[in-house]
Amino acid sequence: MILTTVYRGLAVVVSVCISSASEPFCRKGDVHSCPGEREKNREVPMNNFRPPTPRPELVVFDVDFTLWPFWVDTHVSPPFKKTSDGRVVDRHNYVIQGYEDVPEILEWMSRQGYTMAVASRTDAEQDMRKALKLLDWDKYFTYKEIYPGSKTRHFARFHEQSGIPYSKMIFFDDEERNIYDLNRIGVLSLQVDRGLTLEVLQNGLEKFARERK
């Protein structure tokens, strides 16, 4: 599918591979998006991973291209719904789902007692909230800052609501500009390349423990 979007005043043509309800977002041979390929290349399962200390008091995730492989305001079409077999689909019956490791990561972090949040600068706030709810992910996030603007604004709200200092937060995002902005104010921020994985999370938690000792 070829889509045209506007970014910073420029028309940008984007080639997007969106799958049908019988074939979720997946590129053959791609371990980052295909369940079968991912199983062949698993890192240490989260159940065998011992959280390093000190632990971040707030773990924040971007959403688009961090938790799921699309822009919710561009690549999928609301309204979204859950089918009788439990899949979440958009109006064209395209399956909406996260990157392969994400459900396991969220469940593990919840069991470990981490406080989690999402920060997104999407223009489609209600659509993102709806998709998070249908995927049953919203239960994991104590804080949700979902609206256009700088990520520093999102984090200012996290600090106001939680009282947690920036130095005790960790952030995962796919965009370099956001990583730069948040590192500048003292949030340990890590750039995600093609989706959050077990390895990325583990490396991030270990880096936080090393640097915050």
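What does the charged end of arginine 55 sit over? The ring of tyrosine 114, at 4.0 Å from the ring's centre. Okay, hi everyone, that was my warm-up. One thing up front: what we're looking at is a predicted model. Keep that in mind as we walk through.

Let's start with the charges. General point first: side chains of opposite charge can pair when their charged atoms come close. In this model, the count comes to nine salt bridges. I'll show you three of them.

Find lysine 151. Its side chain meets that of aspartate 62 in a salt bridge, 3.3 Å from N to O. The two partners come from distant parts of the chain, 89 residues apart. Lysine 151 is in helix H4, while aspartate 62 is in the loop between strand S3, residues 58-61, and strand S4, residues 81-82. Now, are these two buried or exposed? Lysine 151 has a relative accessible area of 0%, so it is buried. Aspartate 62 comes in at 5%, and since buried means under 20%, aspartate 62 counts as buried too.

And lysine 151 has another partner. The side chain of aspartate 173 also meets lysine 151 in a salt bridge, this one at 2.6 Å, N to O. Aspartate 173 lies in strand S8, residues 169-173, and lysine 151 in helix H4, so this pair ties together parts that are 22 residues apart in sequence. Aspartate 173 is buried, just as lysine 151 is.

Moving along to arginine 177 and glutamate 175: their side chains meet in a salt bridge as well, at 2.6 Å, N to O. Here the setting is partly exposed, with arginine 177 at a relative accessible area of 28% and glutamate 175 at 23%. Back to the lysine for a second: shared partners join Asp62, Lys151 and Asp173 into one network of salt bridges.

While you're on helix H4, look for histidine 154, which has its place in that helix. Histidine 154 is buried, with a relative accessible area of 0%. A polar atom of its side chain lies 3.0 Å from the backbone oxygen of tyrosine 147. Setting aside neighbours within four places in sequence, histidine 154 is in contact with residues including Ala119, Ser120, Arg121 and Glu145.

Next, aromatics. How many aromatic pairs does the structure hold? Nine. Take phenylalanine 65 and tryptophan 71: the ring centres are 5.6 Å apart and the planes sit at 80°, so this pair is edge-to-face. Phenylalanine 65 is partly exposed, with 24% relative accessible area, and tryptophan 71 is partly exposed too, at 32%.

Phenylalanine 155 and phenylalanine 158 make an edge-to-face pair as well, with 5.2 Å centre to centre and 85° between the planes. Both sit in helix H4, residues 151-162, three residues apart, which is about one turn of the helix. And both are buried. Together with Tyr143 and Phe171, Phe155 and Phe158 form one aromatic cluster.

Last stop, the nonpolar interior. In soluble globular proteins, nonpolar side chains tend to be buried together. Here, the largest nonpolar core has 42 residues, and Phe61, Trp68, Trp137 and Phe141 have the most contacts inside it. Several elements each supply at least two residues of this core, among them S3, strand S6 (116-120), helix H3 (125-134), strand S7 (141-146) and S8. Which one gives the most? That's H2, with five residues.

Zoom in on tryptophan 137. Not counting neighbours within four places in sequence, tryptophan 137 is in contact with Leu67, Trp68, Gly98, Val102, Pro103, Leu106 and Leu132. Apart from the largest core lies another one, of twelve residues, among them Val60, Phe155, Ile164 and Met169. You've met Phe155 already, in the aromatic cluster.

One more residue before I stop: leucine 196, in the loop between S9 and H6. At 1% relative accessibility, leucine 196 counts as buried. In sequence, leucine 196 and phenylalanine 61 are 135 residues apart, yet in space they are 9.0 Å apart, C-alpha to C-alpha. Leaving out residues up to four places away in sequence, leucine 196 touches Phe61, and also Thr66, Leu67, Tyr99, Asp101, Val102, Ile105, Phe172 and Leu201.

That's my tour. Thanks, everybody!

Definitions and conventions: Residues numbered from 1 in each chain as written. Predicted model: local features only at pLDDT ≥ 70, side-chain atom pairs only at ≥ 80, totals over all residues. Heavy atoms only, no water. Phe/Tyr/Trp six-rings, centres within 6.5 Å; stacked < 30°, edge-to-face > 60°. Buried < 20%, exposed > 50% of the residue type's maximum accessible area, 1.4 Å probe, protein only. Helix = DSSP H or I, 4+ residues; strand = E, 2+ residues; numbered from the N terminus. Lys NZ or Arg CZ within 6 Å of the ring centre and 35° of its normal. Salt bridge = Lys/Arg side-chain N within 4 Å of Asp/Glu carboxyl O. Polar contact = N/O pair within 3.5 Å; in protein donor to acceptor, adjacent residues only side chain to side chain. Contact = heavy atoms within 4.5 Å. Core = buried A, V, L, I, M, F, W, Y, C linked by side-chain atoms within 4.5 Å.
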